[in-house]
Amino acid sequence: DEFLALMVNEEDHLRIQGIQAGLALDDVFERVMSLDEELSGTVPIAFSPKWGYLTACPSNVGTGMRASVMVHVPALVLMDEIGPIMKGLGKIGLAVRGLGGEGSEAVGNIFQISNQVTLGETEEQVVARLQAIVEEVVGHERNARLRLQESRGAVLRNHVGRAQGILENAHILPSKEALEWLSGLRLGVEMGMVSAVDTAVLDELTLLIRPGHLQKLAGRILSPAERDEERATWVRQSLQENRITHRNMGNE
């Protein structure tokens, strides 16, 4: 089901990765640990009673575990409140990165929050602390959406309207711009401002419009200009097909 992936001879000799939709850290942790225990019975893994698991990078020594959650927080960005939150998370030992992980910028208002500390805490403590903090960030985002609607309604309506208009009509869409407008449209859907689009379609588009996916779908290598055109076509067609389906379901 593509939930688990094992990377061999990457940064470390062995890296187990589990990914699941939604805030399901406990479920992911249990499934990853189950495989980890199974492998530990047959694979000699470097472990120190004092330092824990020994990894290629000293910053991962200890549990050797990174727990991460991707959050979509457009209202905090539009209200210019994301900066202080990111600084606050850094002060309590959490890292905030972009959609592509370490070294990437947060395009599409999607941020990855993960633990930085791997030594001195158990895996269970890391997961529980991250869960609590992410829930707090989500609470700030929900509050920001209410305040955005109340105090900057015109800005919100303009942002969502431009996103929908551009995505439905553009014939050239660079990757970063597409992700930003998909974020705006998703905000409109989640706040009840746009009813003819399903968030599942937007989630799928967020993946399919990336360069590698576009070229796989096209069956050939595309130049940057060709990718921008192909991306716009995929977005337009997907939104149009979703709108038709939605109306048919409503009529039934």
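**Exercise 1. Classify the exposure of glutamate 226 and describe its salt bridge.**

Solution. Glutamate 226 has a relative accessibility of 31%, so this residue counts as partly exposed (buried is under 20% relative accessible area, exposed over 50%, partly exposed in between, with a 1.4 Å probe and protein chains only). Its salt-bridge partner is arginine 220, at 3.6 Å from N to O; a salt bridge is a side-chain nitrogen of Lys or Arg within 4 Å of a carboxyl oxygen of Asp or Glu. Arginine 220 is likewise partly exposed, at 45%.

The model is predicted: local features need pLDDT of at least 70, side-chain atom pairs count only at pLDDT 80 or more, and totals for chains, interfaces and linings use all residues. Residues are numbered from 1 along each chain as its sequence is written, and side-chain values use heavy atoms, with hydrogens and water left out.

**Exercise 2. Determine which parts of the chain the salt bridge of arginine 31 ties together.**

Solution. Begin with the partner: arginine 31 pairs with aspartate 1, and their closest N and O atoms are 3.3 Å apart. Next, place both residues: arginine 31 belongs to helix α1 (residues 25–40) and aspartate 1 to the segment before β1 (4–8), so the bridge ties together parts that are 30 residues apart in sequence. Helices (H or I, at least four residues) and strands (E, at least two) are DSSP runs, numbered from the N terminus. Finally, compare exposure: arginine 31 is partly exposed at 37%, whereas aspartate 1 is exposed at 79%.

**Exercise 3. Place the pair of arginine 186 and glutamate 190 in its wider setting.**

Solution. The two side chains form a salt bridge of 2.8 Å, N to O. Both residues lie in helix α6 (residues 175–190), 4 residues apart, or about one turn of the helix. Glutamate 190 is partly exposed, with a relative accessible area of 37%. The pair also belongs to a salt-bridge network that links Glu141, Arg145, Arg186, Glu190 and Asp203. The total count of salt bridges is 12.

**Exercise 4. Assess the confidence of the model.**

Solution. First, take the overall value: pLDDT averages 90, and 94% of the residues score at least 70; pLDDT is the predictor's confidence in each residue, from 0 to 100. Then compare elements: helix α4 (residues 123–151) has the highest mean, 96, and helix α9 (residues 224–251) the lowest, 77. Last, inspect residues 244–252, where pLDDT is below 50 and the stretch has 2 contacts beyond near neighbours in sequence (contact means heavy atoms within 4.5 Å). Where pLDDT is low, the predicted coordinates should not be read in detail.
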